[in-house]
Amino acid sequence: MSGGEVAGLIVAVFWAILVSFLAVALVRLSQTLRRTTELVASVTEQAVPLLGEATSALRSAHTQLDRVDTITADVAEVTANASALSSTVASTFGGPLVKVAAFGYGVRRAVGLQARGAGKAGETPTVVAGKVLPAARRGSRRNRSKG
């Protein structure tokens with residue numbers, strides 16, 4: 001054999017080895033692509049129903065939120081009405097009730113002073129929770145309760 005034939009034989013052997021490596025790599029690549037296709041198909045089979053359920057859940061949540069918005073608006077209206085009613089009641093009855101209470105306090109104090117006989121001349125009795133204390137029990141100015 002000549003040098004050219006040996007070189008051609010060596011090149012042919014290397015090409016055969018290279019082609020066999022490429023064939024093995026292509027077989028493994030085809031297996032990987034087949035498995036990937038199966039995986040994508042199974043994910044698609046599971047994802048489509050999940051997306052349908054998620055859409056249904058979102059629609060239900062949106063309906064519930066619409067209901068809550070309606071209830072919130074009604075509660076806000078009731079609150080505004082209650083506030084208006086309480087301010088009307090306070091303005092209608094508040095002033096006269098304060099006047100009646102002040103009048104009652106004045107009458108009670110006058111009756112208490114008159115019942116005691118107005119005490120000693122020039123001395124004002126101390127009133128504590130509807131009771132008149134004698135001058136001896138009043139204490140100093142710091143201890144005197146306001147009434």
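**A bent helix and its nonpolar patch**

H1 takes a bend of about 35 degrees at phenylalanine 93, with a proline, proline 96, following within four residues; the bend is the angle between axes fitted to the seven residues ending there and the seven starting there. The model is a predicted one, where local features need pLDDT of at least 70, side-chain atom pairs count only at pLDDT 80 or more, and totals for chains, interfaces and linings use all residues. Residues are numbered from 1 along each chain as its sequence is written, and side-chain values use heavy atoms, with hydrogens and water left out.

Overall, the protein has 1 helix and 2 strands, in the order α-β-β (DSSP runs numbered from the N terminus: helices are H or I, at least four residues; strands are E, at least two). Right after H1 comes glycine 117, with a positive phi near 90 degrees.

As for confidence, pLDDT (the predictor's confidence in each residue, from 0 to 100) averages 84, and 80% of the residues score at least 70. Among the elements, H1 has the highest mean, 92, and strand S1 (residues 126–128) the lowest, 58. Where pLDDT is low, the predicted coordinates shouldn't be read in detail.

Just 3% of the 147 residues count as buried (under 20% relative accessible area; exposed is over 50%, partly exposed in between; 1.4 Å probe, protein chains only). Phenylalanine 14 sits in helix H1 (residues 3–116) and counts as exposed because its relative accessibility is 56%. Phe14 also helps make a nonpolar surface patch of about 840 Å², along with Met1, Val6, Leu9, Ile10, Val13, Ile17 and Phe21. Such patches take residues with over 30% relative accessible area and no salt bridge, joining nonpolar side chains (Val, Leu, Ile, Met, Phe, Trp, Tyr) within 5 Å and like charges within 9 Å; a salt bridge puts a side-chain nitrogen of Lys or Arg within 4 Å of a carboxyl oxygen of Asp or Glu.

Conventions:
Areas by Shrake-Rupley, 256 points an atom, 1.4 Å probe, with all protein chains shown as cover.
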